[in-house]
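Please open the structure in your viewer and keep the selection tool at hand. The tour moves from one stop to the next, with a short look around at each.

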Amino acid sequence: MTGPHLLIVEDEEFIRQLVAAYLEKEGYRLSVAGSARAMHDILDREQIDLIVLDLGLPDEDGLTLIRQLRTRSAVPIVVLTARQTRDDRITALGIGADDYVTKPVDPQELTLRIANLLRRSGGKQSEDTQKHDVLVFGGWSLDISANALRAPDGADIVLTRAEFDILTALARAPNRVLSRDFLLDAISRDGDSPGDRVIDVMISRLRKKLGDDPRRPILIQTVTGRGYRLSVS
Ligand code: CA
């Protein structure tokens, strides 16, 4: 049995070797590429389960590569880059990257993010851990694997993908305040760089669907200047 097959696209040899050594120890199969061209060559002949992608490559910008990849594949992509601004992160996530890690690389963090992503994407390691993930709060139940929200009275509530992702993020961290930035990350694979206002709009739609009074919300509370919190007793 072999582990998931990862492709590391990185032109700096030191980082490539560091990351490769670490991931190999974790039991992954690895291919490495030092350029966009080498990446395409490997993708043409190998079945890849996840790509770790540097944005600053000698022959092509990583953001262009993400766009190209997304036209033909849903393969999970973890960006690994020295670009640290919020705009870079939002852009990469907005055009379809699944996660974003900044340099200097922390190999342990990268490994955990890869493992999480493979689990969520139904990678080879996932089958037994992904069976049934249901989050329950105040009589509501949110079935992650079935993409379904059920009201306390048993009614099924239809949510958009972004509403679902926001509610999932809140329900995974009950009673904790999540910033708009954090919630933006939770939905940004759906559109290109949505603004913070989008979160406020989604929250007000969610409140409506959850029957929460917008002026005195009980379930999804606004924490002024900080973000939102799902309140669970
Ligand atoms: Ca580079």
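Which residues coordinate the calcium ion? In this predicted model, select the calcium ion together with Asp-11, Asp-54 and Gly-56, which coordinate the ion at 2.2 to 2.4 Å, the two aspartates through OD and the glycine through O. Along the sequence, these donor residues follow the spacing D-x42-D-x1-G.

Stay with two of these donors and show the surface: Asp-54 is buried, with a relative accessible area of 3%, whereas Gly-56 is partly exposed, at 36%. Now add Glu-10, Glu-12 and Lys-103 to the selection, since Asp-54 is linked with them in a network of salt bridges.

The whole structure holds 14 salt bridges, and a few of them make good further stops. Select Asp-99 and Arg-113, whose side chains meet at 3.0 Å, N to O. Asp-99 belongs to strand E5 (residues 99-102) and Arg-113 to helix H5 (residues 107-120), so this pair ties together parts that are 14 residues apart in sequence. Asp-99 counts as buried at 13% relative accessibility, while Arg-113, at 29%, counts as partly exposed.

Next, select Arg-205 and Glu-163, which form a salt bridge of 3.3 Å, N to O. This pair links helix H8 (residues 196-209), where Arg-205 lies, with helix H6 (residues 161-172), where Glu-163 lies, across 42 residues. Glu-163 is buried, with a relative accessible area of 0%.

Finally, select Arg-180 and Asp-200, whose closest N and O atoms are 2.7 Å apart in a salt bridge. Arg-180 lies in helix H7 (residues 180-187) and Asp-200 in helix H8, so the two tie together parts 20 residues apart in sequence.

How values were computed:
Residues are numbered from 1 along each chain as its sequence is written. This is a predicted model: local features need pLDDT of at least 70, side-chain atom pairs count only at pLDDT 80 or more; totals for chains, interfaces and linings use all residues. Side-chain values use heavy atoms; hydrogens and water are left out. Donors are N, O and S atoms within 2.8 Å of the metal (3.2 Å for Na, K and Ca); water is not among the atoms, so sites may look incomplete. Buried means under 20% relative accessible area, exposed over 50%, partly exposed in between (1.4 Å probe, protein chains only). A salt bridge is a side-chain nitrogen of Lys or Arg within 4 Å of a carboxyl oxygen of Asp or Glu. Helices (H or I, at least four residues) and strands (E, at least two) are DSSP runs, numbered from the N terminus.
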